[in-house]
Amino acid sequence: MAFGGFGQSSEQPMAEINMIPLVDVMLVLLVVFIITAPVITHAVRVELPTASSAPSEQDEETVIVSIKADGQLIWKEQAVSWEQFVNRLQRLSGSQSELHLQADRTAIYERIARVMAAARRHGIEKIGFVTEPESG
């Protein structure tokens with residue numbers, strides 16, 4: 001708010017508001033909102049694909065590990081603890097075994113990642129996911 005000019009000696013204050021700084025601030029805010037609004041409302045929608053491949057052949061070196069929704073591990077249809085799972089992986093190290101993971105749809109991803117990391121750490125190079133075929 002301006003109260004008078006330089007060198008003017010009027011008793012009454014000037015009743016004008018300088019609008020230029022107000023317009024500048026409003027334009028800057030408008031540009032900021034225009035740039036950030038699409039980023040805030042943008043969401044990544046991921047639709048996971050269904051697998052439709054031919055069933056693979058299983059030989060005696062194929063190990064099937066199931067991970068249930070509660071995180072329980074099942075090695076060739078036998079429930080095992082984490083320590084038993086790691087011990088069995090150690091016995092397989094050096095062989096050309098394949099690991100097929102059957103993970104429940106609601107299984108915790110961390111558990112799946114731990115199983116894959118342990119298998120990789122013990123030298124199992126081939127890891128596959130078992131899926132259900134598409135319906136229809």
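Student: How do you know that the span of helix H3 agrees with its number of residues?
Tutor: This is a predicted model, and H3 runs over residues 109-121, which makes 13 residues. At 1.5 Å a residue they should span 18 Å, and the end C-alpha atoms are 18 Å apart, so the two agree.

Student: Which residues of H3 are called buried, and what makes them so?
Tutor: Buried means under 20% relative accessible area. Arg111, Ile112, Val115, Ala118 and Ala119 of H3 are buried.

Student: And how do you know which side of H3 they are on?
Tutor: Those residues cover an arc of only 130 degrees around the axis, so they sit on the same side of H3. On the other side, Tyr109, Glu110 and Arg121 are exposed, the cut-off there being over 50%.

Student: What covers the buried residues of H3?
Tutor: The cover includes helix H2 (82-92) and the strands E1 (62-67), E2 (73-75), E4 (98-103) and E5 (126-129).

Student: How are the strands ordered in the sheet?
Tutor: It's an open sheet of 5 strands, in the order E3-E2-E1-E4-E5, with mixed pairing.

Student: Why are E3 and E5 called edge strands?
Tutor: Two strands pair if there are at least two bridges between them. E3 (78-80) and E5 each pair on one side only, and they are the edge strands.

Student: What makes E2 and E3 a pair?
Tutor: They are joined by 3 bridges, and at least two are needed, so they count as paired. E2 and E3 run antiparallel, with Trp75 opposite Gln78 in E3.

Student: Where does H3 pack on the sheet?
Tutor: H3 touches E1, E2, E4 and E5, and its direction makes about 175 degrees with that of E4.

How values were computed:
Residues numbered from 1 in each chain as written. Predicted model: local features only at pLDDT ≥ 70, side-chain atom pairs only at ≥ 80, totals over all residues. Heavy atoms only, no water. Helix = DSSP H or I, 4+ residues; strand = E, 2+ residues; numbered from the N terminus. Expected span 1.5 Å × (residues − 1). Buried < 20%, exposed > 50% of the residue type's maximum accessible area, 1.4 Å probe, protein only. Arc of directions from axis to C-beta. Contact = heavy atoms within 4.5 Å. Axes fitted to C-alpha atoms, helices over the stretch in contact; angles between N-to-C directions.
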